[in-house]
Number of protein chains: 4
Amino acid sequence: MKAAGKHRWFVPDAYLPAESSHGLESHEAACLLNVSDEDARVAFTFYFEDREPIGEVALSLGARRTRHVRLDRADELGVELPRGTPFAYAVESDVPVVLQHSRLDTTAGGYTLFTTIAYSE
Amino acid sequence: MKAAGKHRWFVPDAYLPAESSHGLESHEAACLLNVSDEDARVAFTFYFEDREPIGEVALSLGARRTRHVRLDRADELGVELPRGTPFAYAVESDVPVVLQHSRLDTTAGGYTLFTTIAYSE
Amino acid sequence: MKAAGKHRWFVPDAYLPAESSHGLESHEAACLLNVSDEDARVAFTFYFEDREPIGEVALSLGARRTRHVRLDRADELGVELPRGTPFAYAVESDVPVVLQHSRLDTTAGGYTLFTTIAYSE
Amino acid sequence: MKAAGKHRWFVPDAYLPAESSHGLESHEAACLLNVSDEDARVAFTFYFEDREPIGEVALSLGARRTRHVRLDRADELGVELPRGTPFAYAVESDVPVVLQHSRLDTTAGGYTLFTTIAYSE
């Protein structure tokens, strides 16, 4: 399929809740889609309220593939992000991709999801 | 009404939870709107993390109609999508349409909805 | 403030749940914002899966005002929308406005919100 | 990083629930991201259904920083917003930024989040 998406994506509201319940770990996922026929190299930069950004963290995303990157998994992401701390992130890709950001929050016996297509340009 | 929307839409975060509760099956819906006076032919392509895409799956959408396509209903969609597996999808339409993606997750005794207008171009 | 927004807005996933709990009625709201110095006249059209659209339903939105229009209140909206039925809607405005769509679903003892900025052009 | 975002952002559906549960206060956050190398001055204006807007309320946002502004904290925001009252807001920034709006609602024993990238131009 013809490539679709943008090279730069931004998510201002990222947060890994410190607590979990329901036997499901609170987490966030940066869900990427690359419909093109070229593999993509994507680079994450993480922003905080009171310190300099962390990054770039480079990941690969195959041609004609999606990848739902768990932001709470240091082994998958290559960097350990703090829980209970507001942050934000940017994703830059050499091939146009699409980014959707989602959170599962099971704090305090709750169980809730949110999602949004990220901001792109 | 004058046509509105785009020909290509993308949803990176699709997922059919394996579990349900509350007497309501966990599901996702691809909600399409065609405000034009022409019937639309829409084609879904489904993307995965570790295998080639499935599709195109063709559906019709009448002029001046909405259609909330349940992604967990193989009989309605014409293809069986796996539960408990991250995926993504693209929708292409011959007439401009609008796509909004929603999930109801009732896993583990939870009850939560999310939604977003899909990414278009 | 200088006007902001668009003249045409679209929401494909509208649905008024038939059930409620928690002492809070399941509902949807079409939340409009008019930051301009001119009153706006907005017109809703409602789309269904299996019948012709309903509308236009005209409402006013003052200059420098927001209005969170409850879609389940026939007295406020001027039309009775069915519960338990998938629908969609379009909003046209003579002045640029912004539309965000939200649902509170308290079906089956659940309690969940979703929201998205609508699609505009 | 090269600046990204827009100078004007709009959120039609703002609401601070009057009730809370789960030991977590119902609230909203205006999550801002400034990836540029210049500090930003952002100005909030709050819109209501039946009275003139409040503002501008000026806040700072450092270069390469995110800020998750709690709308229920008068000491942080510099203005006291009413609970249990529909409102909306606009954010103007001298440097391009990105805005995502989120709510945590723990009314009536519920626990739910919603989010959306705001509308920009």
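The following dialogue goes through salt bridges in a predicted model and the reasons for the words used about them.

Mentor: In this predicted model, local features need pLDDT of at least 70 and side-chain atom pairs count only at pLDDT 80 or more, while totals for chains, interfaces and linings use all residues. Residues are numbered from 1 along each chain as written, chains are lettered from A in the order in which they are written, and side-chain values use heavy atoms, leaving out hydrogens and water.

Trainee: Why is the pair D:Arg65 and A:Glu52 called a salt bridge?

Mentor: A salt bridge is a side-chain nitrogen of Lys or Arg within 4 Å of a carboxyl oxygen of Asp or Glu; the closest N and O atoms of D:Arg65 and A:Glu52 are 3.2 Å apart, so the pair qualifies. This pair crosses between chains, from strand E5 (a DSSP run of at least two residues) of chain D to a loop of chain A.

Trainee: What makes D:Arg65 count as buried or exposed?

Mentor: Buried means under 20% relative accessible area, exposed over 50%, and partly exposed in between, with a 1.4 Å probe and protein chains only; D:Arg65 has 16% and is therefore buried, whereas A:Glu52, at 39%, is partly exposed.

Trainee: How do you know which class C:Asp50 belongs to?

Mentor: Its relative accessible area is 62%, so C:Asp50 is exposed, while its salt-bridge partner C:Arg51 is partly exposed at 36%.

Trainee: Which residues of chain A are joined into one network?

Mentor: Salt bridges that share partners join A:Glu25, A:Arg70, A:Asp72 and A:Arg83.

Methods:
Helix = DSSP H or I, 4+ residues; strand = E, 2+ residues; numbered from the N terminus.
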